[in-house]
Amino acid sequence: MTSGGDFDRIFEEYVADMEAALPAVVQWFERLKASRKYTAKGFNIDDIWPSRTGSHPVMVQIFRKHFLRLAILIERLDREEELEDEQDPSEEDWGTDDDDFGGDEDDEDEYDERASEPHQVLIERLREERPDLYAHFRQFMFIPVGLEDYLLVEREVGNG
């Protein structure tokens, strides 16, 4: 079973990618606001770019890359847990209580210890640990499509 270290590593790489991209992205957004391209036509910049700097294609690409990596990791962990749950007890387990192996209550606690959805790491954890970066994802609404074929996704992001 994979530990929280994989989630931590992906989160740290996500934060590093955003920190590297932000100077250019912030500069882009400042130029966009100054251009009056939208305000001259009666639009507020927030109407067109509600996520502001989070709307930049580089930021969307960074989010998508790490979202897919987390989706693959979570899917793999879910499969491993299902396989563990389906295994029959061995003869070595005979004569012991089920509670000794972590019954249903422990299973629920174990599941709660890790993220079950990518946004828990990419958005919720970011909000808690890095509010400065979270501010760039104001009203960010993006979920990558095509997650059904995990083999293709794994090849795309290099996990496979």
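Visitor: Of the 160 residues in the protein chain, what percentage counts as buried?

Guide: This is a predicted model: local features need pLDDT (the predictor's confidence in each residue, from 0 to 100) of at least 70, side-chain atom pairs count only at pLDDT 80 or more, and totals for chains, interfaces and linings use all residues. Numbering starts from 1 along each chain as its sequence is written, and side-chain values use heavy atoms, without hydrogens and water. With buried meaning under 20% relative accessible area, exposed over 50% and partly exposed in between (1.4 Å probe, protein chains only), the buried part of the 160 residues is 32%.

Visitor: How many helices does the chain have?

Guide: Helices are DSSP runs of H or I with at least four residues, strands are E runs of at least two, and both are numbered from the N terminus. The elements run α-α-α-α-α-α-α from that end. There are zero strands, and the number of helices is seven.

Visitor: Which helix has the lowest confidence?

Guide: The chain has a mean pLDDT of 78, with 73% of its residues at 70 or more. Helix α6 (residues 131-134) has the highest confidence, at 93. Over residues 102-111, pLDDT stays under 50. The lowest mean, 47, belongs to helix α4.

Visitor: How are α1 and α5 oriented to each other, and why?

Guide: Axes are fitted to C-alpha atoms over the stretch in contact, with angles from 0 to 180 degrees between N-to-C directions. The axes of α1 (residues 4-35) and α5 (residues 118-129) come within 11 Å and cross at roughly 75 degrees. Angles under 35 degrees count as roughly parallel, over 145 as roughly antiparallel, 65 to 115 as roughly perpendicular and the rest as oblique. The crossing angle therefore makes α1 and α5 roughly perpendicular.

Visitor: Which residues of α5 make the contact with α1?

Guide: Contact means heavy atoms within 4.5 Å. On the α1 side, the residues are Phe 7, Asp 8, Phe 11, Tyr 14, Val 15 and Met 18. Those of α5 are Val 121, Leu 122, Arg 125, Leu 126 and Glu 129.

Visitor: Which helix supplies the largest share of the largest nonpolar core?

Guide: Such a core joins buried Ala, Val, Leu, Ile, Met, Phe, Trp, Tyr and Cys residues through side-chain atoms within 4.5 Å. This one has 31 residues, and Phe 7, Tyr 14, Met 18 and Leu 126 are among those with the most contacts inside it. At least two residues of this core come from each of α1, α3 (57-86) and α5. The largest share, 12 residues, comes from α1.

Visitor: Where does Arg 52 lie?

Guide: Arg 52 has a phi near 50 degrees, a positive value in a residue other than glycine. At 31% relative accessibility, Arg 52 counts as partly exposed. Arg 52 lies in the loop between α2 (45-48) and α3.
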